Amino acid sequence: MSAVADLDAVLAEAETAIAQAPNAQALAEVRAGFLGKKGSVAAVLRGIGALAPEERGPAGQAANQAKVQIEAWVDARKNGLAAAAESQSLADHHLDVTLPGAASRVGHLHPITQVERDMCAFFQGLGYSVEDGPEVESDWNNFGALNFPEDHPARDVQDTFFVKDSTNVLRTHTSPVQVRAMSQLEPPFRFIVPGRVYRYDLDPTHYPMFHQIEGFCVGENVSLGDLKGTLYAFARHLFGPQAELRFRAHFFPFTEPSAEMDVSWGEGWLEWGGCGMIHPRVLQNCGIDPDRWQGFAFGMALDRAAMIRSAIPNIQLLFDGDVRVLEQF
Ligand code: PHE
């Protein structure tokens with residue numbers, strides 16, 4: 001009977017040890033201590049050979065039952081530990097969905113974009129289409145086709161950014177888009193072209209990159225009067241019904257006659273842009289018959305309009321990308 005008594009003691013010990021195993025690894029060690037080759041149950045089994053023959057059977061059976069029992073306790077403890085680990089991890093990673101969230105900052109349109117869209121919408125109302133062109137432009141489209149002579153000062157490196165090892169330039173104005181459109185399309189047509197242009201210039205009112213808006217209209221019987229009427233309507237849309245324009249005779253290679261225009265601003269005048277009737281040679285360069293078709297064109301910087309509208313004193317503030325500034329508009 002001593003083998004069975006030993007087993008009872010082993011079982012009692014096992015039950016406690018298993019229940020107290022703090023984690024899966026400790027549990028595996030406890031299990032080996034009872035059920036392994038050198039474990040307590042094996043030790044009892046080894047003693048069975050020494051028993052009287054009639055005691056061996058019941059002792060063997062008791063040992064097997066003890067094994068099954070210990071295995072069952074181990075499994076139960078394993079499940080218990082796994083469940084506890086899971087609820088611990090759920091508690092550790094608890095997400096409080098009722099906490100108020102961090103609001104993401106909502107952006108808005110850049111002052112330049114606002115002005116640009118407003119201007120395009122105005123001209124679309126007059127039947128103009130919005131067109132654009134590349135900022136890296138051929139010398140021909142930026143200068144040659146627009147009737148700039150080879151030695152024109154605008155071609156000087158003082159003004160123009162040339163693209164290394166090529167005849168391309170960063171466009172110095174949006175007028176090359178006139179060339180692109182006129183070379184491809186049959187008149188009549190009218191376009192408005194907002195875009196970035198580049199000149200070698202930097203001070204509080206000049207930046208090496210700025211924005212222009214170009215307009216041009218080609219048709220039969222298009223006159224200087226049409227140009228003035230269009231610009232008046234545009235100025236009064238932008239600056240109010242009181243706005244006056246002043247035209248000063250000027251020279252551009254691609255328009256004839258040409259003028260610079262100023263818009264009334266408080267007591268004074270604000271330089272606003274250039275304009276004129278498209279030069280017959282430019283029409284010719286683009287494959288348009290100047291005896292049949294005439295056109296006008298105008299171009300102005302729109303950064304200035306954005307600065308006025310948003311009361312921004314320095315053009316660089318527009319392009320520094322400082323959200324503290326940009327958030328104000
Ligand atoms: N392209 C000229 C400039 O940048 C402006 C202009 C456009 C003048 C169209 C006449 C006609 O100064």
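**Entry 1: the strands around the ligand**

I started with the ligand and looked up which strands supply at least two residues each to the shell around it: they are β5 (209-219), β8 (268-278) and β9 (294-301). I noted β9 in particular, since the largest share of the shell comes from there, namely three residues. A reminder to myself: this is a predicted model.

**Entry 2: who comes nearest**

Next I checked the residues around the ligand, and there are 13 of them. Which ones come nearest? I wrote down H173, S175, R199, Q212 and G299. I also sorted the shell by class and got five nonpolar, six polar and two charged residues.

**Entry 3: polar atoms facing the ligand**

Then I went through some distances. In H173, a polar side-chain atom is 2.9 Å from a nitrogen atom of the ligand. For S175, I found an N or O atom of the side chain 2.9 Å from a ligand nitrogen. With R199 the ligand atom is an oxygen, and a polar side-chain atom of R199 lies 2.8 Å from it.

How much of the ligand does the protein cover? On its own, the ligand has 320 Å² of accessible area, and I found that the protein covers 90% of that. I looked up the space as well: what the ligand takes up is the largest pocket.

**Entry 4: the two domains**

I zoomed out to the chain. It is divided into domain 1, residues 3-92, and domain 2, residues 111-326. How many Å separate their centres? Taken over C-alpha atoms, I get 92 Å between the centre of domain 1 and that of domain 2.

**Entry 5: odd spots in the backbone**

Last, I hunted for unusual backbone angles. My rule of thumb: most peptide bonds are trans, and most residues other than glycine have a negative phi.

I found a cis peptide bond from P187 to P188, with omega near 5°. P188 sits in the loop between α7 (176-184) and β4 (189-198).

Another cis bond runs from E256 to P257, and its omega is near -5°. Where is P257? I placed P257 in strand β7, which spans residues 255-265.

For phi, I picked out N147: its value is positive, about 75°, although N147 is not a glycine. I traced N147 to the loop between α6 (139-142) and β3 (168-170).

Notes. Residues numbered from 1 in each chain as written. Predicted model: local features only at pLDDT ≥ 70, side-chain atom pairs only at ≥ 80, totals over all residues. Heavy atoms only, no water. Near = heavy atom within 4 Å. Polar contact = N/O pair within 3.5 Å; in protein donor to acceptor, adjacent residues only side chain to side chain. Areas by Shrake-Rupley, 256 points an atom, 1.4 Å probe, with all protein chains shown as cover. 1 Å grid on protein atoms, 1.4 Å probe; cavity = no way out; pocket = protein on both sides within 12 Å on 5 of 7 lines; lining within 4 Å. Sits in = over half its atoms within 2 Å of the grid points. Helix = DSSP H or I, 4+ residues; strand = E, 2+ residues; numbered from the N terminus. Nonpolar A, V, L, I, M, F, W, Y, C, P; charged D, E, K, R; others polar. Domains from an automatic or database assignment.
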